[in-house]
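Hello,

Here is the structure I promised to pass on to you. Please open it alongside this message, and then read on for what turned up in it.

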Amino acid sequence: MLRRLGAVQLDTISVLARSHELVAYARLGPVPRARIERAYWHQRRPAAFEYWSHAACVLPIEEWPYYAFRRRALRDRGRRWHQSHQRTCAEVLARLRAEGPLTATQLGGAKNGTAWWDWSDTKIAVEWLLDVGDVICVRREGWRRVYDLPDRVLPAGLLAHEPTDSECLAHLAAAAARSLGVVTRADLIDYHRLRELTSPATRHADRVDEAAEAAGLTPVAVGTGPAGRGKPAAARDGITMGWADPGALARAAGGVRGRHRVTLLSPFDSLVWDRKRTRRMFGFDHSLEAYVPRAKRVHGYFAMPLLAGGRLVGRVDPVRQGKTLIARQLSLTSAAATVPMARALREAAEWVGCSAVAVERAEPPHLAQRLRAALA
């Protein structure tokens, strides 16, 4: 699954589960959470590492060489959020070399004792070393990064491979298209956030067209998705030029169709993490409101879109209370979405160890009784 998506975003918010677990659940069904964690972090040989892609992400271990473009850009910039000190960096590296893998706490503490962003010099140093590739994270323990040295955990072939920026960008363009199927220029830039963590000399976002060509992507015209069906694309927004994954085109030409899951999606899932693309592809406006003041929230703290039949047909803001999964706020696009929503809620509840589902508020209100009947 991780190789197929190319990147799975990490986040500290945990409602039903943490986002990287929800992504696996959405694709694979109710795989036990402990098994998901083992697959990401606790293989005998590292299968994944953590680095900056769309955001902080879990990435397949074989992708390590192709983030060299970002490591070089950050080294050229000389800093990211904080200014690191050479002496502290040298001390951190010496301790990792002498003592083996360590967390920030084991290295001396992550914070100065105040707000979460007030990092200690040690935390600043080890995160900078992670940014530039002198340190790697292939494991977490209790949600803490475990820092190690690349030459201790990476196969020699990956460690020695240092592709050029152009090779990195072409490889990642292919990965984004493989995950999304069809992409616009904006999609390619957003998938790996090519406008961010760059330097004035590199300007990676300006090289997307060349990267798509080098990756062998197929040029296509991209129109609006389900929201505009029945109208010519040019009459809606005009046609945007983009690219398709050749493998996706071959499967479509051969009549191959994928499975359709009925499931709830994390707001950080790569299927919906780009809000503009979600609106274009699904006709669905969605945003994360966890950082919006409670009084201004429209759909709730951690509203999860409902995927059914290849469309987004509702959303729910869930919370666990004891053995009950509570849908604090829920909305459906039509009456036909009540049964899929009930099915998704029941499966999610069972996956996280709940034995009951309760609905507090549903929109439109006249569907609430139908939904409760479907749940029963």
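**Tyr67 and its surroundings**

Let us begin with Tyr67, which sits in the loop that links β3 and α4. Please keep in mind throughout that this is a predicted model. Is Tyr67 buried or exposed? With a relative accessible area of 1%, Tyr67 falls under the 20% cut-off and therefore counts as buried. Leaving out its neighbours within four places in sequence, Tyr67 is in contact with Phe49, Tyr51, Trp52, Ser53, Leu59, Leu172 and His192. If you would like a distance to try out in your viewer, take Tyr67 and Gly100: they are 33 residues apart in sequence, and their C-alpha atoms are 24 Å apart in space.

**The sheet before the loop**

The strand on one side of that loop, β3, belongs to an open sheet of three strands in the order β1-β3-β2, with antiparallel pairing. At its edges you will find β1 (8–9) and β2 (48–52), each of which pairs on one side only. Between β1 and β3 (residues 56–60) there are two bridges, and these strands run antiparallel. To see the pairing at the level of residues, look for Gln9, which stands opposite Cys57 in β3.

**The helix after the loop**

On the other side of the loop is α4 (residues 68–77), whose axis comes within 7 Å of that of helix α7 (residues 121–132), the two crossing at roughly 130°. That angle makes α4 oblique to α7. Which residues make the contact? From α4 they are Arg71, Leu74 and Arg75, and from α7 they are Trp128, Asp131 and Val132. Sorted by class, this contact of α4 with α7 has three nonpolar and three charged residues, and no polar ones.

**A second sheet, and Arg277**

Further along the chain there is another open sheet of three strands, here in the order β6-β8-β7, and its pairing is antiparallel. The strands β6 (182–184) and β7 (218–222) stand at the edges with a single partner strand each, so one side of each has no neighbour in the sheet. Ignoring direction, neighbouring strands of this sheet are turned by 40° against each other on average. The antiparallel pairing of β6 with β8 (residues 240–244) extends over three bridges. Within it, Val182 stands opposite Ala244 in β8.

Val182 also leads us to a helix, as it is one of the residues touched by Arg277, which lies in α15 (residues 275–282). Not counting residues up to four places away in sequence, Arg277 touches Leu180, Val182, Asp187, Leu271 and Phe282. Arg277 has a relative accessible area of 5%, so it counts as buried as well, being under 20%.

**One more pair of helices**

Last, have a look at α16 (residues 338–351) and α17 (residues 368–375). How do these two pack? Their axes are 9 Å apart, at an angle of about 50°, and α16 and α17 are therefore oblique to each other. The crossing of α16 past α17 is right-handed. On the α16 side, the contact is made by Thr338, Met341, Ala342, Leu345 and Arg346, and on the α17 side by Arg370, Leu371, Ala374 and Leu375. By class, there are six nonpolar, one polar and two charged residues in this contact of α16 with α17.

Enjoy exploring it!

Best wishes

Methods. Residues numbered from 1 in each chain as written. Predicted model: local features only at pLDDT ≥ 70, side-chain atom pairs only at ≥ 80, totals over all residues. Heavy atoms only, no water. Axes fitted to C-alpha atoms, helices over the stretch in contact; angles between N-to-C directions. Helix = DSSP H or I, 4+ residues; strand = E, 2+ residues; numbered from the N terminus. Parallel < 35°, antiparallel > 145°, perpendicular 65-115°, else oblique. Left-handed = near helix turned anticlockwise from the far one by under 90°. Contact = heavy atoms within 4.5 Å. Nonpolar A, V, L, I, M, F, W, Y, C, P; charged D, E, K, R; others polar. Pairing = 2+ DSSP bridges. Buried < 20%, exposed > 50% of the residue type's maximum accessible area, 1.4 Å probe, protein only.
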